[in-house]
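Trainee: I would like to go through this model with you. Please show me the sequence and the structure.

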Amino acid sequence: MAVEIVPGSPQVLSEPGRLNVRLQVEGRCEGAPSFALRGAHALLDALGRSGSLQGAAERLSISYRSAWGQLEALEQALGRPVVVKTKGHGTDLTTFGTALLALLAASWNRLAPALAAEELALTEGLRRLLEPADARIRLAASHDPLLLEAVEARREIDLMVAGSLDALARLRDGSVDAAGFHYGSDGPPPAPFDAVFADRDLIVAPLFRREQGLMLAAGNPLRLETVADIAARQARFVNRQRGAGTRIWFERLCAEAGLAPEAIVGHHTEEFTHQAVAALIATGAADVGMGTRSVAERFALDYRPLGWEIYFLAVRASLGTPRLADFRDDLRDRAGRASGYAAPDDVRG
């Protein structure tokens, strides 16, 4: 796969603080078959979300004829149908099309953290040349789909996706102004997270509550219900990276079940986002992983809840929280409407 990284044109408008760098991956599957990877992903995703070719064209802001032409070219390249049309019921992805979409989505999700880190580094380097240091808020945060949606709506926040411990380390060394983190389940924070709440140089506030559980292949063919079942049935597990709050929570669940993490097949298989974990399960490359309910629903996976946790925001006391008050309020509102989320003061069982 040939991959070209293309920086978006940074625009310096009337204010240097509005300058942004966007990195975009463009790829092509060469040989036989040959097709554009990013275009195929965008088309299949739009089809999956809209359920019709016309709806997909509208989502992509292209004509119906253009969408139809792209679809025909993709199917000719692959030699397999990716959609099936049913009169009166629109257009659905075939089983092959669904698997292809999940495969492409997994690749993009794996690339996303690295691209985000490079975007932040390039943006910061350029802004240091053009604007005061305190013009924007640099946020390193553990991956969460709801958080990403809220950040995309706010131009003043630069986000770097990182594991919970990595995000807090960046906050301590001064490379970011705030860190989003979680440690799994309710209750007192375990070490080393307890030190964050005791640090007088930091202000820690809850952003939202979310549910995490076992994401399973559709139909749960291995009949997995608990962490112990994963080990007993030698199910293929896909883990999060070291330092991720979800991984820390899972390892604590293993300890409570009397299991060494090494007893889990695939314990050393690491992904950086909930979506990447779900995509591997959806394509059959793994049987189970841990993630949020919303992501499991997005990939049509079975799901077994393990518990609720609070996602926190740690901010430098010198920065204060007023500059992030609107951001916190926005997340509270979004959490109240999203599946598997709740406002931080909404108690769930």
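Trainee: Which residues of the largest nonpolar core touch the most other members?

Mentor: Leu139, Leu147, Leu324, Phe327 and Leu331, out of 22 residues in that core. First, a caution: this is a predicted model, where local features need pLDDT of at least 70, side-chain atom pairs count only at pLDDT 80 or more, and totals for chains, interfaces and linings use all residues. Residues are numbered from 1 along each chain as its sequence is written, and side-chain values use heavy atoms, with hydrogens and water left out.

Trainee: What makes a set of residues a nonpolar core?

Mentor: The members are buried Ala, Val, Leu, Ile, Met, Phe, Trp, Tyr and Cys residues, joined through side-chain atoms within 4.5 Å. Buried means under 20% relative accessible area; exposed means over 50%, and partly exposed lies in between (1.4 Å probe, protein chains only).

Trainee: Which element gives the most to the largest core?

Mentor: Helix 5, with four residues. Helices (H or I, at least four residues) and strands (E, at least two) are DSSP runs, numbered from the N terminus. The buried residues of helix 5 (residues 145-152) are Pro145, Leu146, Leu147, Ala150 and Val151.

Trainee: What caps the N-terminal end of helix 5?

Mentor: Aspartate 144: a side-chain oxygen lies 2.9 Å from the backbone nitrogen of leucine 146.

Trainee: How many aromatic pairs are there?

Mentor: The count is 10. Rings of Phe, Tyr and Trp (its six-membered ring) pair if their centres lie within 6.5 Å; planes under 30 degrees apart are stacked, over 60 edge-to-face, the rest tilted.

Trainee: Why is the pair of tyrosine 183 and phenylalanine 312 called stacked?

Mentor: The centres are 5.9 Å apart, with 15 degrees between the planes. Set that against the limits: within 6.5 Å makes a pair, and under 30 degrees makes it stacked.

Trainee: Why is the pair of phenylalanine 197 and phenylalanine 312 called edge-to-face?

Mentor: The centres lie 5.1 Å apart and the planes stand at 85 degrees, so the pair is edge-to-face. Phenylalanine 197 lies in helix 7 and phenylalanine 312 in strand 13, so the pair ties together parts 115 residues apart in sequence.

Trainee: Are these two rings buried or partly exposed?

Mentor: Phenylalanine 312 has a relative accessible area of 8%, so it is buried. Phenylalanine 197 has 34%, so it is partly exposed.

Trainee: How do you know that arginine 80 sits over the ring of phenylalanine 96?

Mentor: Arginine 80 lies over the face of phenylalanine 96, 4.3 Å from the ring centre. The rule asks for NZ of Lys or CZ of Arg within 6 Å of the centre and within 35 degrees of the ring normal.

Notes
Polar contact = N/O pair within 3.5 Å; in protein donor to acceptor, adjacent residues only side chain to side chain.
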